[in-house]
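Subject: Structure for your files, with notes

Dear colleague,

I am handing over the structure below, as agreed. Please look through it alongside the notes.

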Amino acid sequence: MDDELKRIWVADEGCIGCRLCERACPTGAMRVEDKQAHIDYALCIACGMCATKCRKGVIHDTLGIYALA
């Protein structure tokens with residue numbers, strides 16, 4: 001998949017494995033393994049629900065729309 005289609009991404013550090021992103025994802029694209037969130041880009045629709053629920057602010061989008069205030 002082209003990188004430009006990966007509009008949502010997870011930072012390599014900072015995830016605490018709380019799974020709020022998993023619960024918020026309407027397509028099941030988010031999964032947490034070993035206290036690190038991962039995105040299945042085949043399922044991700046870049047809706048940003050995961051980013052809005054992330055308490056640590058480690059899920060981002062390339063346009064900065066879902067950035068924590």
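The notes below cover the overall fold, the core, the hairpin, one residue of the first strand, the salt bridges and a few backbone angles.

Please keep in mind that this is a predicted model.

Overall fold

The protein chain has 2 helices and 4 strands. Along the sequence these are arranged as β-α-β-β-α-β. Of its 69 residues, 32% count as buried. The accessible surface is about 4600 Å², and carbon and sulfur atoms account for 50% of that. As for contacts between residues at least 6 apart in sequence, 52% of them join residues at least 24 apart.

Nonpolar core

In soluble globular proteins, nonpolar side chains tend to be buried together. Here the largest nonpolar core has 17 residues, and the members that touch the most others are V10, C21, M30, A37, V58 and I59. Two or more residues of this core come from each of β1 (8-10), β2, β3 and α2 (49-53).

V58 deserves its own entry. Setting aside residues up to four places away in sequence, V58 touches W9, V10, A11, E13, G14 and C15.

The β2-β3 hairpin

Strands β2 and β3 pair in the antiparallel sense, over 4 bridges. They form a hairpin with 2 residues between them, and D34 in the turn has a positive phi of about 55°. K35 lies in the loop between β2 and β3 as well, and its phi is also positive, near 55°, in a residue other than glycine. K35 counts as exposed because its relative accessibility is 60%, where the cut-off is over 50%.

In a regular strand the side chains alternate between the two faces of the sheet. Strand β2 (residues 30-33) shows this: M30 and V32 point to one face and are buried, while R31 and E33 point to the other and are not. M30 also appears among the core residues named above.

On the β3 side, which residue is the bridge partner of E33? The partner is Q36, found in strand β3 (residues 36-39). Is Q36 buried or exposed? Q36 counts as buried, because its relative accessibility is 16% and the limit for buried is under 20%. Apart from residues up to four places away in sequence, Q36 touches V10, A11, D12, C15 and R31. Of these, V10 is one of the core residues with the most contacts to other members, and R31 is on the face of β2 whose side chains are not buried.

W9 in strand β1

W9 sits in strand β1. Its relative accessibility is 38%, so W9 counts as partly exposed. Leaving aside neighbours within four places in sequence, W9 is in contact with I39, Y41, V58, I59, H60, D61 and T62. V58 and I59 in that list are also among the core residues that touch the most other members. The C-alpha atoms of W9 and D61 are separated by 6.1 Å, although the two residues are 52 apart along the chain.

Salt bridges

Side chains of opposite charge can pair when their charged atoms come close. How many salt bridges does a search of the whole structure find? It finds 2.

One joins the side chains of R19 and E22, at 3.0 Å from N to O. R19 is partly exposed, with a relative accessible area of 36%, and E22 is partly exposed too, at 23%.

The other is between E33 and R31, with the closest N and O atoms 3.1 Å apart. Both residues belong to the face of β2 that is not buried. E33 counts as partly exposed at 40% relative accessibility, and R31 counts as partly exposed at 35%. E33 is therefore a residue with two entries in these notes: a salt bridge to R31 and a bridge to Q36 in β3.

Another positive phi

A46 lies in the loop between β3 and α2. Its phi is near 55°, a positive value in a residue other than glycine. A46 is buried, because its relative accessible area is 16%, against a limit of under 20%.

Regards

Notes. Residues are numbered from 1 along each chain as its sequence is written. This is a predicted model: local features need pLDDT of at least 70, side-chain atom pairs count only at pLDDT 80 or more; totals for chains, interfaces and linings use all residues. Side-chain values use heavy atoms; hydrogens and water are left out. Buried means under 20% relative accessible area, exposed over 50%, partly exposed in between (1.4 Å probe, protein chains only). Contact means heavy atoms within 4.5 Å. Two strands pair if DSSP finds at least two bridges between them. A nonpolar core is a set of buried Ala, Val, Leu, Ile, Met, Phe, Trp, Tyr and Cys residues joined through side-chain atoms within 4.5 Å. Accessible areas come from the Shrake-Rupley method with a 1.4 Å probe; for residues, only the protein chains shown count as cover. A salt bridge is a side-chain nitrogen of Lys or Arg within 4 Å of a carboxyl oxygen of Asp or Glu.
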